[in-house]
Structure formats: structure tokens, C-alpha cells
Amino acid sequence: MLVVVHTVTSGQRLLDVVRLLGADLRIQVVFTMAPDVFSNGVAELLIRIGGVTLPWHLAIRERFDLAICAAYGGIENLHAPLVVIPHGAGYTKLVSRRSGGGAVAARGVYGLSAQELVRDGTVIPSAIVLAHEAERLRLARSCPEAVAVAEVVGDASHDRLVASSPRRRAYRHALRVPAEQELVVVTSTWGPSSLFGMHPGLLRRMLSELPRDRYRVAALLHPNIWFGHGVWQIRTWLADCLREGLELVPPEADWRGVLVAADHVVGDHGSAAVYATVSGASVLLVGDAGDDVDSASAGGLLASTTPRMRLDQPLPAQLRRAAATHHPGRHAAVVARLTSTPGHFDRNMRRLMYRLMRLPQPLTLPTADPVPLPYPTCSPNHAAFQEHK
């Protein structure tokens, strides 16, 4: 089986899938780094996990019994039955492609449009993994020829967040949050319209405005921020925030435990804010996704139903108001749009892969595991940080 890793984000998502094959001695898993503008950090990820790695130019010459990816660059060159999975909270982002003369094509949903899925009139994937039945209808509108290979499997992150919820106290302890404090997690996707792109001073403002005896602040930045600007640069930009007590979660740590630990999540149109609805935290959004998010997606529903944080007003009062109005089930509609097969991703995904490999499945039933403990990056006063600088 070939695991095609374009970015750190897609690689982390794919690891949720390949773990389903881990105990099967019949299957050799091989990794390759595919071409992508955000491939920075992928080589280090593959070294860290210790998998067998094949250079891209060799991977596209070999034949495999199965290949899996969570992005689309170069996939038409692979020689294997190919499974594509989403690398976020379903298929959310609207993108456009520019053609030679500068004309802009109609915006499509990334991962559901013919621009990614079809080459020379042929659908590239053997299976397109969907999280929800509603995505099949969206795919039928945008790329009807691909509906025949669509498979509603579910959402791994949803299932693992649910499985992790009993360990909330352990995740809070790992982030150094005492029981009497409320954890505010600031999440940002990447790009100029992201929270970090539009409001880079918000973290500093939170640290100065929020009473330290009541609140702890943590930040989850999209891996493309870390690897687009460089790990050193992000740590340097936020060094003063780290000195003031910010818990900055590095890109190699599992982000989902941070959401389980959170009391409040302040986010943008990225997937982390959508997944925060599963963890039960109160959610406030900053800014407007505009035309970047498909209104039919879980992210689009969150954007249309969730209150905004007003940056022209004091922050503590807004968090108190969010806590007072929050209740279990407030975001039930968003959670319901994340997956139409809750708790069944592992079972459905493994069945799909073994079917394509034409192998009988192991007799054991796979179950969603709690995610590993998160950990913050070291502070500027830490020796490892000084050495890194």
C-alpha cells in the first residue's frame, strides 16, 4: 500500500487510516512525498514516523495494490487503485483555478470538483471517501461522473474526538491547565483571510485582557502557517506571547486533544473550529469566511449559526456571555452534518481498503482510539528554544 503525502496536514489525516492496517503482516505500507507547494515539513514527518519511504519519481513508476491520498497533485501518475479522503472537516473550501489568459473559472468545492478528480475524461480515484450522505448530492452537482465511486465512510476525527472525551482531565493536565481555570483555544487556518492572517495581534490582546487567575490561552495554528513561514519564524514572532504564558501547540502534536480540553474556542473558517463543536466547547468566530466556504458544508453551517467575537469590545465580557448562553447540544446541527455514520469510520474505511486490495479482513473489529496527549512548545526561556534560535 502506498501512502501519498502532499502536506503535513494531509499526512496527519492519512495516519488515521493506515493505523487500521497496522497489525496485518500481509500488508507492507510505503510512504512517498508528493509534489505540493506546502510540502515543507513532510520529509521530517516521514522520518519521525519511521516508515519506509520511496521517492516520488520512483513511486510513480511502481505498481501497488492500493494507494491513498488526501490531496490531488500528481495523482494521475499513480499505478494503483486509489482512495482519496478529505483532509479537513469534510469538503468545505471553495477554490478557483486560473487559466492562461487570466480568466477565472467558476469556483468549485475543493475535492468535489472535476478539476481535482478527472483527467482526460477519466475519473482518477477508485474510491472517493465522503463523511456524509449530503456530500454525495454535492458531488453529483459538481462532478456527476464521480458519483459511481463515492463511498460514505464517516469522519475519523469526529469519532476520535468522541472517544477522547473521557480523557479531558488528562488533556488539560498535559496543557498545564488547572481545574479552576478556563482554557481558551484560538484556532487559525492558513492564508490572508485566516484569523492569524487578519488579526495577528489577537493572541497578545487575549493574554493582556483575560484575567490570568481565570483563563489560560492556547493556540492551534494550521501546519501551513508553521511550514509556510517556518517553525523558527512562528516561534520568534510569538516569543513574547510564550513568555506571557501562551500554550502554543506545535504542528507535530495531535491537535484534537486540545479541543477536548477547551472551554472556549475562538476560531475562523478552518476545520478546527468545526471540530470544536464535537468537543462541547463554546465557539466564537472571528471575521467572515466570505466566499471561501461552501454554505452546504458543516463549516458553512457553523459560519451561519455561530456568534462572532467583536474585536471592538472587551474580550472577557464576550467569553462570559458565551459561557452563559452555551449548552450541550447547541451545535448539534453542525455535528450532525459532519458525519452521517458516527462511530463507524474505522469499520467502514477498513472494509473499503480490503475490498480494493481483494483481501479478507482480519476477524477483529476496529474501534476509534483516544488521541495522544497534546503538548505545548517550549517557552523562550527553555534551553531547547534557545538552542533552536
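This is a guided tour of the nonpolar cores, one helix and several salt bridges in a predicted model.

**The nonpolar cores**

Begin by selecting V83, M206 and M349, which are the residues with the most contacts inside the largest nonpolar core, a set of 60 residues. Next, colour helix α18, residues 345-357, since the largest share of this core, seven residues, comes from that helix. Then centre the view on M206 and, leaving aside its neighbours within four places in sequence, look for the residues that M206 is in contact with, namely V184, V186, V217, V266, M309 and L315. A second core, separate from the one just visited, has 32 residues, and to find this second core you can select A253, L259, V334 and L338, which are among its members.

**Helix α15**

Move now to helix α15, residues 298-305, and select A298, G299, G300, L301 and L302, which are buried. To see what covers the buried residues of α15, show the elements that include α14 (271-279), β16 (282-285) and α17 (332-338).

**The salt bridges**

Side chains of opposite charge can pair when their charged atoms come close. A search of the whole structure finds 21 salt bridges, and a few of them make up the remaining stops.

Select R19 and D346, whose side chains meet in a salt bridge with an N to O distance of 2.9 Å. Because R19 lies in the loop between α1 (8-18) and β2 (30-33), while D346 lies in helix α18, this pair ties together parts that are 327 residues apart in sequence. With a surface displayed, compare the two partners: R19 is partly exposed, at a relative accessible area of 27%, whereas D346, at 4% relative accessibility, counts as buried.

Go next to R176 and E247, whose side chains also meet in a salt bridge, here at 2.6 Å from N to O. R176 lies in the loop between α7 (168-174) and β12 (182-188) and E247 lies in strand β14 (residues 247-249), so this pair ties together parts that are 71 residues apart in sequence. R176 counts as partly exposed at 48% relative accessibility, while E247 is buried, with a relative accessible area of 2%.

For the last stop, select R256 and D254, whose side chains meet in a salt bridge (2.9 Å, N to O), and note that both R256 and D254 are buried. Finally, extend the selection to D16, R19, R160, D254, R256, D346 and D369, which are joined into one network by salt bridges that share partners; the pair of R19 and D346 from the earlier stop therefore comes back into view as part of this network.

Notes. Residues numbered from 1 in each chain as written. Predicted model: local features only at pLDDT ≥ 70, side-chain atom pairs only at ≥ 80, totals over all residues. Heavy atoms only, no water. Core = buried A, V, L, I, M, F, W, Y, C linked by side-chain atoms within 4.5 Å. Buried < 20%, exposed > 50% of the residue type's maximum accessible area, 1.4 Å probe, protein only. Helix = DSSP H or I, 4+ residues; strand = E, 2+ residues; numbered from the N terminus. Contact = heavy atoms within 4.5 Å. Salt bridge = Lys/Arg side-chain N within 4 Å of Asp/Glu carboxyl O.
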